[in-house]
Amino acid sequence: MPQLIDGKKISAEIKDELKEKVRKLKEDGVSVCLAVIQVGNDPASSIYVNNKKKACAYVGIESLAYELPEETTQKELVALIEKLNADSKVNGILVQLPLPGHINADAIIRTISPDKDVDGFHPESVGRLCIGEEGFVSCTPAGVIQLLKRSGIEIEGKECVVIGRSNIVGKPMSILLLRENGTVTVTHSRTRNLRETAKRADILVAALGKPKFITRDYVKDGAVVIDVGMHRNTENKLCGDVDFEDVKDKVSAITPVPGGVGPMTIAMLMYNCVRAATK
Ligand code: NAP
């Protein structure tokens, strides 16, 4: 059996460390507050928002919930974000995506002050990441780095292949691996010979959004496989982009779905909120 990289355990560790930090901050008179905005009532978004509120309560972060109707205009949403930008009590602002089609998500992301951009999606945060400056990092890829480090898996000098180049996962993932001195290849839907490229990887990160796409013929013997994918199958069970059963006896370590990368995203959001309050 390969090493199972336990995202539930590692995310719980991170939240406990943050809880202690928040307790100490409170003793020094510093509180941490996250504003969470949801527009409309997409059921999946409501679950994510609820989980974020629960994590805030656990860590000791105050959460302010703004549940806006589907018909909210872009102008109204911008006005709310500008009000929260100016509110010194609010340390972090999160707008749950996706937004309804009549709202321009890019413009909304740019409205959030880079100092409160706890999702790490603002162009300034992305730019800082690229040039190696301190800043907020997108939570899911930041969580992957924590999973690797806290599982004792070295990144430096390793062949890292990232499958997917989205702004929220693939691109920041590749920059973070590069920052850890990995030798990084980024692949996407136009990559030729994906199998051969993926097979070079000592660390393979699958973030392509295709259920069970990565089978054993994409994986080198002894590779570390990180599965970012998240899908529900016909029986409503969660699965990833990797066919876990097919690859498990070929790899040295792997993240399960559920219980791998998923829980890390919220833990890193909590990390970013605490950072926003202390920087
Ligand atoms: P996305 O925006 O759809 O991006 C998918 C990327 O994969 C694109 O860059 C696309 O290439 C590439 N791709 C698609 N099909 C491919 C193929 N056959 N071969 C190679 N590359 C291919 O998805 P995302 O937002 O990055 O999310 C990826 C997965 O992670 C999804 O399953 C999502 O649910 C999951 N996710 C999980 C978490 C978590 O907390 N665990 C957080 C975020 C996302 P092109 O650029 O060429 O189109």
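Helices are taken here as DSSP runs of H or I that span at least four residues, numbered from the N terminus. With that in hand, welcome to a short walk through this structure, which is a predicted model.

**A salt bridge along helix 1**

Let us start in helix 1, which covers residues 7–27. Which two side chains meet in a salt bridge at 2.8 Å, N to O? They are those of Arg23 and Glu20. The two residues are three apart in helix 1, so about one helical turn separates them. This pair belongs to a wider set, as the model has a count of 17 salt bridges.

**Around the ligand**

Now to the ligand, which sits in the largest pocket. Around it are 23 residues, and those that come nearest are Arg165, Ser166, His188, Ser189 and Thr265. What is the make-up of this shell, in nonpolar, polar and charged residues? It divides into 10 nonpolar, 10 polar and three charged residues.

Ser166, Ser189 and Thr265 deserve a second look. Each row below pairs a polar side-chain atom of the residue with an oxygen atom of the ligand.

| Residue | Distance to a ligand oxygen atom |
|---|---|
| Ser166 | 2.5 Å |
| Ser189 | 2.5 Å |
| Thr265 | 2.7 Å |

How much of the ligand's accessible area does the protein cover? On its own the ligand has 930 Å² of accessible area, and the protein covers 71% of that.

**Backbone features in the loops**

Some background helps with the next stops: most peptide bonds are trans, and most residues other than glycine have a negative phi.

Against that background, the bond that joins Leu97 and Pro98 is a cis peptide bond, with omega about 0°. Where is Pro98 found? Pro98 lies in the loop between strand 4 (92–95) and helix 4 (105–111).

A cis peptide bond also runs from Val257 to Pro258, where omega is near 0°. Pro258 has its place in the loop between strand 11 (253–254) and helix 10 (262–278). Thr265, whose side chain we met beside a ligand oxygen atom at 2.7 Å, is one of the residues that come nearest to the ligand.

The last stop is Asn193. Is its phi positive or negative? Asn193 is not a glycine, yet its phi is positive, at about 55°. The residue is placed in the loop between strand 6 (183–187) and helix 8 (194–199).

Notes
Residues are numbered from 1 along each chain as its sequence is written. This is a predicted model: local features need pLDDT of at least 70, side-chain atom pairs count only at pLDDT 80 or more; totals for chains, interfaces and linings use all residues. Side-chain values use heavy atoms; hydrogens and water are left out. A residue is near a molecule or strand if one of its heavy atoms lies within 4 Å of it. A polar contact is a pair of N or O atoms within 3.5 Å; within protein, one must be able to donate a hydrogen and the other to accept it, and residues adjacent in sequence count only if both atoms are side-chain atoms. Accessible areas come from the Shrake-Rupley method with a 1.4 Å probe; for residues, only the protein chains shown count as cover. On a 1 Å grid over the protein atoms alone, a cavity is a set of points where a 1.4 Å probe fits but cannot get out, and a pocket is an open set with protein on both sides within 12 Å along at least five of seven lines; lining residues have an atom within 4 Å of a point. A molecule sits in a cavity or pocket if more than half of its atoms lie within 2 Å of its grid points. Ala, Val, Leu, Ile, Met, Phe, Trp, Tyr, Cys and Pro count as nonpolar, Asp, Glu, Lys and Arg as charged, and the others, Gly among them, as polar. A salt bridge is a side-chain nitrogen of Lys or Arg within 4 Å of a carboxyl oxygen of Asp or Glu.
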